[in-house]
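User: I'd like to get to know a protein model by asking about it bit by bit. Can we start with the basics?

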Amino acid sequence: MSAGEPALAASRADAGVGGVVALRGVSKDYGATPALAPVSLDVAPGAFVSLLGPSGCGKSTLLRIVADLVEPSAGSVTVAGRPAREARERRDYGMVFQAATLFDWRTIRRNVELPLEVMGWRAAERRARAQRMLELVDLADVADLRPPQLSGGMQQRVAIARALAFEPALLLMDEPFGALDELTRERMQDGLLAIRARTGTTVLFVTHSIPEAVFLSSSVVVMSARPGRVLAEIPVDLPEPRTEDTREDPRFFQLVTEVRETLRRGVRP
Amino acid sequence: MTTPAATPAAVAGAAPAPGAGLVRRSAGAAAPLALGLGVLVVWEVAVRALGIRPILLPPPSAIAAAVVQDLPRLAGATWVTGRSALLGFAIGAGGGFLAGLAASRWRPLREAVVPVGVVLGSLPIVATAPIFNLWFGALSIWSKVAVVALVVFFPVLVNTVAGLASAPASSQELLRSYAAPGRTVLTALQIPSALPFVFGALRVAAALSVIAAVVAEFFGGFRDSAGFFIKTLMANADYTGAWATVVALSAFGLALFGAVALAERVAMPWRRDDRGVRT
């Protein structure tokens, strides 16, 4: 499973049709500074792929390129079979940021309704969907509170409910649990997997936590230090469903070690 | 999260008890009341003990007596002046907000309007009042309204522009990820983000508008206006009467300020539980 040819290793995730996300030679420079070396990557439908790398390696930039929030300097990006711009305009993905990014002037319920409002849903339908989403993240009882009245973990669950409200086939998550304490973080990971078991959403997930990446993912894409490139894509063959026992599984520790060693090679070449 | 420092821990469901806000608010009013009362007492005692002549500083009791004695006339004069202040405030604030919206929409306009605004906004009233008298007529309410509107316009404009730009980048990215049109970004994100800035400016402008109206009246105006009163009373060495007029004007300014604060609470219900100042 070692490094190998990055592009080849990465493309194993999909049989070649392109997958939900298909990156071909995508790179990003800021002026003369390369932030991201050319990256090719496929995310198969239903997969949970983590982008893991040291701070500043460009993994968030890569996610933002997929979301069409950042323009790549070169390469092609396809999301659900369409160019990234078109996919964004068709609302083919939901996004969760590191900060919950809730609007204080809206109640929790109306924060979840926000994307539906932008999309022109009728009020009754919005409300019903928001209710269902809040039940999904176990927050129906705080629907009428405002964001500052919730803890960081609860706020991030609201952000997840909001991202899933219009049932996108793809969820893009940029270090969503990075600001949370370890226990809350693990609870959020369990919750995310439970939600995914019910929705079947494909996830592209950015993190710098090795155990988090291994626990959640069907495969972990390990990136080098800046300018980021793919060192390896490591499939995670842990039994499903992942539970508390998974975190104690010897195979879990093996994989964590494997990922860590791959990561180290990228930091100190 | 969105409010880093203000959210120490989970307080879900911890809605404040009804009335808790009221208690806190009356506790908040106690301090300035005590301070004001203390100043009045010291003032009264000092004037009497030191034998200060009323021409220099009349005691608060004498001013109060003058206010009570002359109440109908004072109220009338305050209303004549207050009317100009109110109209000018409404026109200046409304215009400043709309100009701010336009400026934030079109970058060239923003780059042009803000510096020009700063220059015009720093013009002294002593210069603008005679000019507007010339344009609108000294005995027209509009010459006073124009002075007030000019003073109010620019703080509101500058703060509106700053407020509309204050929405965090992540919130803008969120709306971008929904491919939200510009109008939605404005109404769903930028205007709510701007409200604290706009109301901050309105609070300042409320006080400024009364001052501007009075000063404008010094340069000619209605014979029954507060500005004219103060001018003639001073000329006749009726300093206690002048002070009484100032007290009546202060009451009006306080009421206007209070109305703005009330509007602020209605417009921003999410900031009602004042957890410190979050601007």
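Analyst: Sure, one term to begin with: helices (H or I, at least four residues) and strands (E, at least two) are DSSP runs, numbered from the N terminus. This is a predicted model, where local features need pLDDT of at least 70, side-chain atom pairs count only at pLDDT 80 or more, and totals for chains, interfaces and linings use all residues. Residues are numbered from 1 along each chain as its sequence is written, chains are lettered from A and ligands numbered from 1 in the order in which they are written, and side-chain values use heavy atoms, with hydrogens and water left out.

User: Where is Pro241(A) found?

Analyst: Let's start with its peptide bond: Glu240(A) and Pro241(A) are joined by a cis one, with omega about -10°. Most peptide bonds are trans. As for its place, Pro241(A) is in a loop of chain A, the one between strand 10 and helix 9 (250–267).

User: What is omega for the cis peptide bond of Arg226(A) and Pro227(A)?

Analyst: Pro227(A) also sits in a loop of chain A, between strand 9 (219–223) and strand 10 (230–235). The bond joining Arg226(A) to Pro227(A) is cis, and its omega is about -5°.

User: How many residues are in the largest nonpolar core?

Analyst: Nonpolar side chains tend to be buried together in soluble globular proteins. A nonpolar core is a set of buried Ala, Val, Leu, Ile, Met, Phe, Trp, Tyr and Cys residues joined through side-chain atoms within 4.5 Å. Here "buried" means under 20% relative accessible area, "exposed" over 50%, and "partly exposed" in between (1.4 Å probe, protein chains only). Leu172(A), Val214(A) and Leu175(B) have the most contacts inside the largest core, whose residue count is 140.

User: Which helix gives the largest share of this core?

Analyst: The share in question is 17 residues, and it comes from chain B, namely from helix 8 (residues 182–218).

The core also takes at least three residues from each of two domains of chain A (bounds from an automatic or database domain assignment): domain 1 (6–92 + 168–267) and domain 2 (102–167). So much for the wider picture; the helix asked for is helix 8 of chain B.

User: How many residues of chain B are in contact with chain A?

Analyst: Contact means heavy atoms within 4.5 Å. Chain A brings 34 residues to these contacts, and on the chain B side the number is 28.

User: How much area do chain A and chain B bury between them?

Analyst: Buried area is the accessible area (1.4 Å probe) that two parts lose on being put together, summed over both. For these chains, 64% of it lies on carbon and sulfur atoms, and the total is about 2,800 Å².

User: Which residue forms a salt bridge with Glu173(B)?

Analyst: A salt bridge is a side-chain nitrogen of Lys or Arg within 4 Å of a carboxyl oxygen of Asp or Glu. Between chain A and chain B, the rule finds one. Its closest N and O atoms are 2.2 Å apart, and the partner of Glu173(B) is Arg64(A).

User: Which helix of chain A gives the most to the side that touches chain B?

Analyst: Four elements of chain A each supply at least two residues to that side: helix 3 (84–89), strand 6 (93–96), helix 4 (108–118) and helix 6 (152–164). With four residues, the top contributor is helix 6.

User: Why does the salt bridge of Arg247(A) and Glu186(A) tie together parts of chain A, and how many residues apart are they?

Analyst: The two side chains meet at 3.7 Å, N to O. Arg247(A) lies in the loop between strand 10 and helix 9, while Glu186(A) is in helix 7 (residues 182–199), so the pair links parts whose separation in sequence is 61 residues.

User: Is Arg247(A) buried or exposed?

Analyst: Its partner Glu186(A) has 22% relative accessibility and therefore counts as partly exposed. Arg247(A) has 10%, so this residue counts as buried.

User: What is the phi of Asp68(A)?

Analyst: Most residues other than glycine have a negative phi. Asp68(A) lies in the loop between helix 2 (59–66) and strand 4 (74–79) of chain A, and at 6% relative accessibility Asp68(A) counts as buried. Although Asp68(A) is not a glycine, its phi is positive, at about 60°.
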